[in-house]
Amino acid sequence: MKFNFNDVYKIESGASHKKIYRFKNHNEEKIIVDFSYNYNDYLSFLEINNFLSIINISVPKIFETDDTKSIIIMEDFGNNRYDKLINTIDPKEILIDGINSLIEIHNSQKPIENKFLKKYDLATFTVEIAEFADFYLSKKNIGKDVVDEFFYIWKSEFENLNFNWDSFVHKDFELSNLMHLSQRDGHLKCGILDFQNAFIGFSGWDVFSLLENPRIYFDDKDNDELIEYYFNKTNQNLSFKEFLTQYYFLNTARQSRIIGRWINFDKKNKNNNYSKYLSVTLKRLEKSLYNLQNEKLSKLYEKIISR
């Protein structure tokens with residue numbers, strides 16, 4: 001792999017540790033992704049790209065790899081990120097492409113559990129929900145008795161639900177990882193990036209990642225329709241009512257974790273770059289709790305959030 005860093009410039013990569021470079025010569029239509037911070041993420045990206053590339057969706061073509069430097073040269077999907085478009089157009093115009101891409105993934109061959117695609121479980125869930133306790137509850141000086149109650153209720157309610165972890169989950173199927181490829185047709189207009197953290201889990205996980213963005217509050221009047229559309233177009237082994245319960249349960253947990261993460265990021269970086277998203281994420285959390293209609297969790301959060 002040969003390229004000169006004088007021929008490229010660094011582009012935004014958000015909170016990710018990886019570095020991304022674009023060629024100054026736009027005719028190249030390629031980007032360089034540097035995973036040198038973590039070799040396993042590099043391998044995982046290649047493995048999952050290989051899995052997704054045989055499905056009828058848009059993932060970047062890989063042109064060259066360098067295992068010694070953990071560098072990939074791949075297709076450049078341009079600049080039209082969903083998060084930059086979502087509030088300038090009717091959101092449904094691009095969200096439907098994302099949903100249809102998820103339908104294609106779900107209805108394709110099931111992923112095989114391996115070193116990179118691991119199955120979600122209670123242990124992982126507990127670690128994730130702990131971010132809310134460690135940073136949000138800690139910041140509000142919530143007592144140990146309430147913290148213990150927090151973990152007890154989440155664990156017991158988790159165990160009451162009959163989860164079937166059997167679907168590919170991108171995990172970060174968010175607006176900032178989706179590109180609008182206007183020159184393509186149908187759902188192929190949705191370019192999908194940043195899937196190295198994928199796992200096997202709940203079939204609707206990526207749907208709420210897309211529709212319940214914790215950074216941007218866009219018009220979500222079509223959410224109910226899009227959720228039902230996804231459910232009806234995919235092969236599900238549970239009722240729609242059960243699907244919605246699991247959807248809002250896991251989304252409520254995810255919004256909680258992200259609140260803790262915003263606080264943790266700013267604590268580590270000694271700034272307020274991420275705390276600006278707290279009001280949106282809290283709004284998403286409260287709406288998800290309302291839709292979940294779980295009495296124990298609603299009472300718990302009413303006690304926590306109101307303090």
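**Close-up views of a predicted model**

**View 1. Pairing of strands E3 and E5.** In this predicted model, strand E3 (residues 30-34) runs antiparallel to strand E5 (residues 71-75), and 5 bridges join the pair. Ile32 has Ile73 of E5 as its bridge partner.

**View 2. The open sheet.** The sheet is open and holds 5 strands, ordered E1-E2-E3-E5-E4, with antiparallel pairing. Strand E1 (8-11) and strand E4 (62-66) are the edge strands, each paired on one side only. On average, neighbouring strands of the sheet are turned by 25° against each other, direction ignored.

**View 3. Helix H1 on the sheet.** Residues 39-52 form helix H1, which packs on the sheet and touches E4 and E5. The direction of H1 makes about 150° with that of E4.

**View 4. The largest nonpolar core.** This core has 86 residues, and the members that touch the most others are Leu52 and Phe150. Helix H8 (residues 240-269) supplies the largest share of the core, 11 residues. In soluble globular proteins, nonpolar side chains tend to be buried together.

**View 5. Surroundings of Leu52.** Leu52 is the last residue of helix H1 (residues 39-52) and belongs to the largest nonpolar core. With neighbours within four places in sequence left aside, the contacts of Leu52 are Ile57, Val59, Ile105, Phe168 and Phe195.

**View 6. The second core.** A separate core consists of 6 residues, among them Val8, Tyr21, Phe23 and Ile71. Of these, Val8 lies in edge strand E1 (8-11), and Ile71 lies in strand E5 (residues 71-75).

Technical notes:
Residues are numbered from 1 along each chain as its sequence is written. This is a predicted model: local features need pLDDT of at least 70, side-chain atom pairs count only at pLDDT 80 or more; totals for chains, interfaces and linings use all residues. Side-chain values use heavy atoms; hydrogens and water are left out. Two strands pair if DSSP finds at least two bridges between them. Helices (H or I, at least four residues) and strands (E, at least two) are DSSP runs, numbered from the N terminus. Axes are lines fitted to C-alpha atoms, for helices over the stretch in contact, and angles run from 0 to 180 degrees between N-to-C directions. Contact means heavy atoms within 4.5 Å. A nonpolar core is a set of buried Ala, Val, Leu, Ile, Met, Phe, Trp, Tyr and Cys residues joined through side-chain atoms within 4.5 Å. Buried means under 20% relative accessible area, exposed over 50%, partly exposed in between (1.4 Å probe, protein chains only).
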